[in-house]
Each structure stands twice: as C-alpha cells, then as structure tokens.
Amino acid sequence: MSEEQRQPAGPDPDALAQQAGRLAERVALLGEYLDPNVLETRVAELEVEMGAGDFWDDQARAAKVSAEHARLSGRLTEYHALAGDVGDLGELAAMAREEERAGSLTPEFVTEVVDGLDRAENRLFVLEESRLFGGEHDAGDAVVTIQSGEGGTDAQDWAEMLLRMYLRWAETRGMTATVQDRLDGGEAGIKSATFTLAGTNAYGLMSAERGVHRLVRLSPFDSANRRQTSFAAVQVAPLVTDEAVIEIDDKDLRIDTYRASGAGGQHVNKTDSAVRITHLPSGVVVQCQNERSQTQNRATAMSMLRSRLVELELQRREEESARERGESMTIGFGSQIRSYVIHPYAMVKDLRTGHETGNTQAVFDGALDPFMRAELERRAKGLAVVGED
C-alpha cells in the first residue's frame, strides 16, 4: 500500500470514537426515559386486548388501542435497533483507531463510520423528540388555522407565506397537509386558511407554533417601498373525530351554506356545497368547502368544531395552571411568539426561546424543526419565556 493510500480522508479516528461515545451516552439517557421494560409490558397488555374476540365490537376503542400499540411497538423496536447500531459503531470507531496505528486505515472505512454515525444521530434525534410529547393529544393529528392580522394587504400576503411555509415543513416531515378552507384576500394573499395535518406527533409539534407571527420587510404593495410590519395568527387544535369526546347540542349551532369558490368555467360551483358552522355559546366559527358534497363538508366542519372546542378547553387549563404559578399568560392574537425580519437585516427569532437564524429563506421554505424543538424543550424544562430584547 502506498503512502498516499494510508492517509485517510475525513475526521480523525479519535474524533469518531468520541462522537460514538457521546451517542452511546445519549442512547443510555433516552433508555432511562423510555424504560423499555415498561414499554414491553404495555405492548404485551395491548396485544392481549387486541386478541380478544369482541375487540372490534367497539370500533372507536379498537382504533385507539391499535394506534397506541403501533406507536409504542414502533418506538420500542427503533430504540433497540438504534442501541445495537450505536454499539456496533463504537466498535468500528475503535477499530479505525487501531488500523490508523497499524497504518492500514483506508478512506473507505472512515467514510463508512462517518455515514453510520450521521444516520444514527438523525435517528436518535427523532427518538429524543418523542420524549417531549406527553400531552393527551400530542401524538395525534391537528387542525391549523392561519388568520391575517394588522397590516392590510401585507398581512394577508404574510398569512399566505405562513401557509406555504407550513405546507413545505409538513412535506419535509413526511406528513399529509390538506387545506380544508381558504378565504382569499382582496388584492393578494389570504384572509384565512385552515388545513388538517396528519402524521406522527402532528399536534405536539404544531402546538409550538400557536400564537402571533410578525413579519418586518419592505412592502411590495407600497408604491414608496416603505418598511411594513405585518401580523398573522396561528391557531392549532387537536383533530377530534370521536363524537364521544365532546358533546355538542344541535340548538347551540347555526349552520349556513354557501357556494364554494371554484376555478371558474366548467368547474365553477353551481350548488351551495360549502358549510359554515357557528357554535353560539363560544362564538367559534368553522367552515369547509374542500369536499365534494355539502354532507361531506358538514361532517368535516363538525370535526373541526370539536377540535376547536377541545383546544379552548386545553387553553383554559393552561391559563389556570399559569395563574397558579403566578405567571401572566395571554393566548391568541396578543401572544407574539416569533419575528421574521427581512429588512433592514435578515433574522428569524423566537421570542420565547431566543432561538434565531439569519437564513430567513430556509425558514420560509419549511426549516422549522429547530424552532419547534427549542420551544418544546423550553416547555419540558419549565423555563420562562425569554421575551424581546
């Protein structure tokens, strides 16, 4: 072997061994949290229940049990697989150090170890994230509503930018986002939009985005090109389809139908298929025009209404808990959580955690995981909101 072949490309084997050691420590800490023995016991209990002859007699209960079994067994399998892989990578990293001393270490072997460590790091990140979701609805799907606020046309354009940002984020996470309702602005953007988000921990993740988002930029709608500050609010509710979760009295509802907006021409709607439902006691209004028939739109709108009412109850509990801790807490349009500045400098900063980045375009393209993770970590640790500088 030539001298050139003996010179491995990439990180030093000592650095690889240290990285493998840190991963092993993180896996051990995660194991203390997950407690595989407890998970195995729970999975076994669920399997006994699923094996009962009358298991499918209660469809709603069966669906919940099946979903919990799939989630826990998947988490358990992935943890054991990851722990084994990290152990193997530690041995490979140690082997790389020995081969370097013997002068036989090749670039190909170093690359194999580096790639393995990178893959393990990504898998560990996902499993570590799961410990942040302990809420009743965190593992389920979500209903997300975006509403433009102060700022006129700029705010409506900003609301549409947020919609695009979340749809792009959902795509990168492998989630399914379905726009159920959209109300376009007069000149540009949207006045509001509602979409459902389906995927693992969809509600838990999106709950970190609830609040007011502020954009500062040179207005493309101002002839003088002046700086404009715009606001849009993001509401997030757990998707609730089970009628037993929350009972709604028909007399408390006002149901209106209207013609759904269409593409025009032969595709224009000729029937009042869109549905708007107002819950009179709470004032909550939901609407859906995405389905093909009025019946389907009504069913979807009712599901969205249940979700919003559940979210209101969760917010009430959260406010009570905050008052008991002596904290001041505002939820909704008064709760500004993040600033996106394009002019006079480029910066996206979360006002709860202090997490920030200068790569605004990446954020607008859906790079939201670091912001969500920082907020979920803050909540899990019980830390106070950082606030504005």
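# Exercises on helix packing and local geometry

**Exercise 1.** Identify the residues through which α1 meets α3, and classify them by character.

*Solution.* On the α1 side, the contact (heavy atoms within 4.5 Å) involves P13, D14, L16, A17, A20, L23, A24, V27, L30, G31 and L34; on the α3 side, it involves R75, Y79, L82, A83, V86, L89, G90, A93, A96, R97 and E100. Sorting these residues gives 16 nonpolar, two polar and four charged. Here Ala, Val, Leu, Ile, Met, Phe, Trp, Tyr, Cys and Pro count as nonpolar, Asp, Glu, Lys and Arg as charged, and the others, Gly among them, as polar.

The basis of these exercises is a predicted model, in which local features need pLDDT of at least 70 and side-chain atom pairs count only at pLDDT 80 or more, while totals for chains, interfaces and linings use all residues. Residues are numbered from 1 along each chain as its sequence is written, and side-chain values use heavy atoms, with hydrogens and water left out.

**Exercise 2.** Describe how α1 and α3 are oriented towards each other.

*Solution.* Begin with the elements: helices (H or I, at least four residues) and strands (E, at least two) are DSSP runs, numbered from the N terminus. Next, take the axes, which are lines fitted to C-alpha atoms, for helices over the stretch in contact, with angles from 0 to 180 degrees between N-to-C directions. The axes of α1 (residues 13-34) and α3 come within 9 Å and cross at roughly 160 degrees. The two helices are therefore roughly antiparallel, a class for angles over 145 degrees, whereas those under 35 count as roughly parallel, 65 to 115 as roughly perpendicular and the rest as oblique. Finally, α1 passes α3 in a left-handed crossing, the near helix being turned anticlockwise from the far one by less than a right angle; a clockwise turn would be right-handed.

**Exercise 3.** Repeat the analysis for α2 and α3.

*Solution.* The axes of α2 (residues 36-50) and α3 (residues 59-102) come within 9 Å and cross at roughly 145 degrees. The crossing of α2 past α3 is left-handed. From α2, the residues P36, L39, E40, R42, V43, L46, E47, E49 and M50 take part; their partners in α3 are R61, V65, S66, E68, H69, L72, S73, L76, Y79 and H80. Nine of the residues in this contact are nonpolar, four are polar and six are charged.

**Exercise 4.** Establish how many aromatic pairs the whole structure holds, and examine two of them.

*Solution.* Rings of Phe, Tyr and Trp (its six-membered ring) pair if their centres lie within 6.5 Å; planes under 30 degrees apart count as stacked, over 60 as edge-to-face and the rest as tilted. The search finds four pairs. For F55 and W56 the centres are 5.0 Å apart and the planes stand at 75 degrees, so this pair is edge-to-face. F55 is buried at 6% relative accessible area, whereas W56 is partly exposed at 49%; buried means under 20%, exposed over 50% and partly exposed in between (1.4 Å probe, protein chains only).

W158 and Y340 also form an edge-to-face pair, 4.8 Å centre to centre and with 65 degrees between the planes. This pair links distant parts of the chain, since W158 belongs to α5 (residues 152-172) and Y340 to β9 (residues 336-341), 182 residues apart. W158 is buried at 0% relative accessibility, and Y340 is buried at 0%. Ring pairs join W158, Y340 and F364 into a cluster.

**Exercise 5.** Locate the residues D35 and N225 and the H343–P344 peptide bond, and state their backbone geometry.

*Solution.* Recall that most residues other than glycine have a negative phi, and most peptide bonds are trans. D35, in the loop between α1 and α2, has a positive phi near 55 degrees and is partly exposed at 31% relative accessibility. N225, in the loop between β4 and β5 (227-238), has a positive phi near 55 degrees and is partly exposed at 42%. A cis peptide bond, with omega about 15 degrees, joins H343 and P344; P344 lies in the loop between β9 and β10 (347-350).
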